Amino acid sequence: MSLTPGKLAGLKAVSDSRGVIAAAAMDQRGSLQKSLAKERGASADAHDLEEFKILVTEVLTQHASAILLDPEFGLPASHRRNGKGLLLAYEKTGYDSNTPGRLPDLLDLWSVRRLKEAGADCIKILLYYSPFEKSHINDHKQAWTERIGDECRTHDIPFFLEFVGYDAEGGDEKSLAYAEKKPDIVSGSMAEFGKEKYGVDVLKVEVPIEMSFVEGTRAFKGERAYTRAQALEHFRLAESMTHKPFIYLSAGVSNPVFIETLELAAESGTKFNGVLCGRATWKDGIPIYAKQGAVAFEDWLNTEGVKNIENVNKALKAATPWYSKVGIKA
């Protein structure tokens with residue numbers, strides 16, 4: 001894997017001095033709006049989303065290498081990122097639950113050109129994907145991803161692909177049955193989208209296990225899908241599926257669970273290249289903002305939010321620079 005000048009510059013912009021991606025994620029839209037409204041007991045509007053994102057960005061980018069935002073509500077925040085790198089999301093939030101297969105869609109009024117002109121150092125796409133989905137649905141998703149890869153090549157900007165697994169048979173993704181399927185879903189997705197035809201520069205991946213089903217962890221809740229040794233092997237197997245740089249997403253788990261997850265990845269010897277961590281740092285502040293307002297939320301971010309992201313940064317000491325995966329020594 002060799003990088004063009006634009007892609008190399010983009011990756012450097014979102015990395016720390018070691019070549020590790022220690023980025024915060026704040027591109028949630030629909031889910032954030034629903035969470036704020038639920039906690040408030042009243043609606044949340046565009047101003048709420050913009051203000052929430054500004055506060056998270058101002059505080060947490062003091063302790064992160066970059067921030068992931070969306071161009072719908074996050075552009076005001078993008079100007080308050082303390083000189084750190086910027087990733088911009090290109091996909092619409094969520095998916096149409098009335099259409100089978102969780103099909104993706106792009107923002108109507110944006111393109112890679114426009115995102116780059118808005119200041120993006122890197123482009124990020126979220127794709128719901130399962131290797132076990134019907135072939136015609138996966139053909140659709142693969143062709144869609146190829147188009148975005150070509151668009152990013154044309155504009156010489158890094159392409160981060162985030163894929164989130166699901167049960168193609170409609171099962172509960174919080175169940176033991178899904179936990180048993182998850183290693184194959186994650187490994188299969190990493191193998192597929194590491195192929196050169198997609199033009200992906202960094203894979204943003206789920207960890208290949210569900211922590212609450214790993215016996216012998218603090219997160220274990222009593223139902224076992226894997227022993228600790230089996231979980232460690234799942235990390236190693238997923239890594240072996242690709243030569244591409246990859247980073248972990250926090251997938252909405254609590255800060256303690258995410259930290260233990262990164263500790264398990266380190267114990268396995270997996271050469272992951274960083275994180276794009278969102279809700280594990282700021283999620284617990286949602287009720288503070290919704291009920292007490294912006295000033296109280298900013299105070300919370302400067303104490304608890306900073307503690308959360310510093311916990312992540314400590315765990316990232318085990319991460320490996322992406323340089324070696326793209327043929328660069330330093």
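**Strands, helices and cores**

Trainee: Which residue stands opposite Leu-69 in S3?
Mentor: Strands here are DSSP runs of E, at least two residues long, while helices are runs of H or I of at least four, both numbered from the N terminus. S2 (residues 66–69) and S3 run parallel and are joined by four bridges; two strands pair if DSSP finds at least two bridges between them. Opposite Leu-69 in S3 you'll find Leu-88.

Trainee: What kind of model is this, and how are residues numbered?
Mentor: It's a predicted model, where local features need pLDDT of at least 70 and side-chain atom pairs count only at pLDDT 80 or more, though totals for chains, interfaces and linings use all residues. Side-chain values use heavy atoms, without hydrogens or water, and residues are numbered along each chain as its sequence is written, from 1.

Trainee: How many residues of S3 are buried?
Mentor: Buried means under 20% relative accessible area, exposed over 50% and partly exposed in between, with a 1.4 Å probe and protein chains only. Gly-85, Leu-87 and Ala-89 are buried on one side of S3, and Leu-86 and Leu-88 on the other. S3 (residues 85–89) is therefore largely enclosed by the rest of the structure, and the buried count is five of the five.

Trainee: What is the bridge partner of Ala-89 in S4?
Mentor: S3 and S4 (residues 122–128) run parallel, with three bridges between them. Along with helix H5 (residues 112–117), they make a right-handed β-α-β unit; right-handed means that, with the strands pointing away from the viewer, the path from the first strand over the helix to the second runs clockwise. In S4, the partner of Ala-89 is Lys-124.

Trainee: Which residue in S7 does Lys-204 stand opposite?
Mentor: Lys-204 belongs to S6 (residues 202–205), where Val-202 and Lys-204 are buried on one side and Leu-203 and Val-205 on the other. Three bridges join S6 to S7 (residues 246–249), and the two run parallel. The chain gets from S6 to S7 through H8 in a right-handed crossover. In S7, Lys-204 faces Ile-247.

Trainee: How far apart are the end C-alpha atoms of H12?
Mentor: The expected span is 1.5 Å times one less than the number of residues, so the 22 residues of H12 (residues 294–315) should cover 32 Å. The model agrees with that: the end C-alpha atoms are separated by 29 Å.

Trainee: Where is the kink in H12 centred?
Mentor: The bend at a residue is the angle between axes fitted to the seven residues ending there and the seven starting there. For H12 the kink is about 40°. Its centre is at Leu-301.

Trainee: Which element gives the largest share of the largest nonpolar core?
Mentor: A nonpolar core is a set of buried Ala, Val, Leu, Ile, Met, Phe, Trp, Tyr and Cys residues joined through side-chain atoms within 4.5 Å. The largest has 83 residues, and Phe-297 is one of those touching the most other members. The largest share, eight residues, comes from H12.

Trainee: What is the relative accessible area of Thr-281?
Mentor: Thr-281 lies in helix H10. Contact means heavy atoms within 4.5 Å, and, leaving aside neighbours within four places in sequence, Thr-281 is in contact with residues including Leu-60, Trp-300 and Ile-309. Thr-281 is buried, and its relative accessible area is 1%.
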